[in-house]
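Colleague: Could you take me through this model?
Modeller: Certainly; here it is.

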Amino acid sequence: MCCTDMALAYVEAHASWSEANTRPSLNRDYAAFIAAQPDGSFRAEFAVEGVRCAACMNAIERGLAPLPGVASARLNFSDRRLAVTWRREAEPDIPAVLAALEGLGYTAQPFAPGRLADAEAAETKRLIRALAVAGFASMNVMLLAISVWAGNVSDMTPENRDLFHWIQALIALPAAAYAGRPFYEGAFRGLKAGRVTMDFPITLGVVLTLVMSVVESLQGATHAYFDGAVMLLFFLLIGRVLDQTMRRRTRAFAENLATLRSERATVAEPDGGLRDVPLAELVPGARILVRPGERVPADGLVEHGTSDLDQSLVTGETAAITVRGGDRVFAGALNGSGALTVTVTAAAGASLLDEVEGLMRRALEARSRALVLADRATRLYVPLVHAAAALTLVGWLAAGAGWHAALLDAVAVLIVTCPCALGLAIPAVQVVAAGALFREGVLLNDGTALERFAQVDTVVFDKTGTLTLPEPVLTAGTFNPRALETAARLALSSRHPMATALAVAAGGAEPFPGAEEAAGLGVRAHIDGVELRLGSARFCGAEAEAAAALAADPEASVICFRAGDGSPAAFPVRQGLRPDAAEVVAGLATLGHRVLILSGDRAAVVESVARRLGVAEWESGLAPQDKIARIEDLQRAGRRVLMVGDGLNDAPALAAAYASLSPVTAAHVSQSAADALFLGRGLAPVLSVLAAGRRARRLMVQNLWFSAAYNVLAVPLAALGLLTPLIAALAMSGSSLVVTANALRARLGTRSSPASAASRSAVAAPVARTA
């Protein structure tokens, strides 16, 4: 019976046990972790520990399928989050899932962002401590081993050699007992569940090597192999630490979305009273009060009040939007200066924020099966290694060799075939490439994305905040210097982004005293008996001037100024293109990439940007669902899409694309969804990540080929008795060093594009601050 069949048999037996009501209760209320879905089904998420390869993912998903009522179980390999969905007629049973996972050899708990972060931090510290112990022991044991090697060909006495062996044992045995715990525990959990994991041959090789070394020392033999055991653990722990670090950096977006949610809402009662209620109690039709500085708790229509609303986390637009009676508002938007009374149209679970979360969650789960090549290659490792070691032992015994010699050769096979080089083949390249990208102003958010960057053939850009700079600027024009100076001083009293752009451009020295802001309209002040106004065209009586400014520049927004009865002025403000946008788009076209713009902005604005950049394919007025649909259409047609965007509305598209990139100024949720973030004001990092991906993928393939060739050569030598465990350990360590040295070429091969060189000065400062 294979390990998967055993797992299924266990789960089926457990399901029958559960139906017979004999499963012991865990005495805990899990209702808070179960979410009802729009189709009537139920869903819960779990953080799973102990997942090391694709075989683990398949065993979990197939193992949970027979549980009563379970419609699907999907594991996101990158962050080890398991999503279980129950059918609408079933009763969700979280304890049954936890018990089944425990039976399969995995520890799990209902997903809670804060608790998961603490657990990951604790696991990282544990691995680093184990790595430090193994590294310290390796250096000291190797120094002693070198002395023994030299002494064996000179005049070292047997007594001195035995003393050095026992000193090595004194260092190696406790170090191996502590540093090898991550592997020993994984092997034990697998055996307990009836499965043989990749940790088992590692544990077996280390334990047998240490036992044989002690036996050799007791018998006064020439060689002992303590150095091979601790070096084996040291190199394996390097790969494990790199894997854990990458997973912590790719933690999912749930905790970022949580920061956009209001936990409670203020309900306006019919009698005029106010009542504070949990968000879960809101229903469509309820009237809620949103005070200045609060986030809108649910989607709805403004009933009373006027205010400036920051919906950048929802729409991607940085400019605040003035809302008044009858306007629609969305959950997560930040209220500005005025109080609003909102009639709820979509409460918790059905808001735009919830819909975006659902889209992104499904996109992440769909990507969970895109595992790196190394994970696919390790599926056959365990049976092949065990078979080779067993055949070696049986073969030598059949040939008349003694147990000692046969077991020594079998241990040599286990050690020489250790997946150390294979385990480092991918993470080593990831780390070196990540460092090279950091110097280019790119922060890698998902180490596995390098392989996907290498295969991109289509690049999709959002417009606002991506092709354009995130902050608005005053456009060039001929303005009355006195009016501009006065307007800039008045602008210092406003928090509106367009007023900020005006103040920065004109260099206003200090605000006017006594200035006050009119919610949703602008700011006013009385100076020397003259009323000064800055804000909307209607507020300043400058409709004609605003219309003329917009006609001259359709991409701009307008902020108006008026002093008393004087002639008003209209100042056009717009988001300028990133300085190297045209050069980067041209570079992508030269490399053969298809370039598109998908934006939620107005058609006239998007068309103007596309024309200036030379992009023939563009679409405007797209909702988040529309962007995902366009990307999926492209991918169904066989395209490998890189999505470059920011803002909450781009987060699902970033997650759905084959690869994704986001500016560091993006909303936090978009940063979590993106595979990489770029710093600075330029778009050159788009070219950098594509080049780095191609280079990294080439090195990864080379490392994997070397690892395979090494095993093809080394295994026969070890099986034929031509390698002692010591030489096998050295060969294993040497293969890891070769793989690591080849990975360093990812750094030496960095080549800055002209666009990257042009924007280096803009990137350097943010990089230094981030570091």
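**Strand β25 and its partners**

Modeller: This is a predicted model. To begin with one pairing, T458 stands opposite V641 in strand β25.

Colleague: Which strand does β25 join there, and by how many bridges?

Modeller: Strand β16, residues 458-461, runs parallel to β25, and four bridges join the two.

Colleague: What about strand β26, how does that pair with β25?

Modeller: In the parallel sense, over three bridges; β26 covers residues 659-663. There, V644 has L661 of β26 as its bridge partner.

Colleague: Are the faces of β25 buried or exposed?

Modeller: Both faces of β25, residues 641-644, are covered. V641 and M643 are buried on one side, and L642 and V644 are buried on the other.

Colleague: Changing topic, what is the strand order in the open sheet of six strands?

Modeller: The order is β17-β22-β21-β20-β19-β18, and the pairing is antiparallel.

Colleague: Why is one side of β17 and of β18 left without a neighbour in the sheet?

Modeller: β17 (473-474) and β18 (516-518) stand at the edges and each has a single partner strand, so one side of each has no neighbour in the sheet. For β18, antiparallel pairing with β19, residues 522-527, extends over three bridges. A518 stands opposite G522 in β19.

Colleague: Which strands does helix α18 lie across?

Modeller: Helix α18, residues 481-491, lies across β17, β19, β20, β21 and β22, and runs at about 75 degrees to β20.

Colleague: Finally, how many helices and strands has the chain?

Modeller: The chain has 31 helices and 27 strands. Of its 771 residues, 52% are buried.

Notes
Residues are numbered from 1 along each chain as its sequence is written. This is a predicted model: local features need pLDDT of at least 70, side-chain atom pairs count only at pLDDT 80 or more; totals for chains, interfaces and linings use all residues. Side-chain values use heavy atoms; hydrogens and water are left out. Buried means under 20% relative accessible area, exposed over 50%, partly exposed in between (1.4 Å probe, protein chains only). Two strands pair if DSSP finds at least two bridges between them. Contact means heavy atoms within 4.5 Å. Axes are lines fitted to C-alpha atoms, for helices over the stretch in contact, and angles run from 0 to 180 degrees between N-to-C directions.
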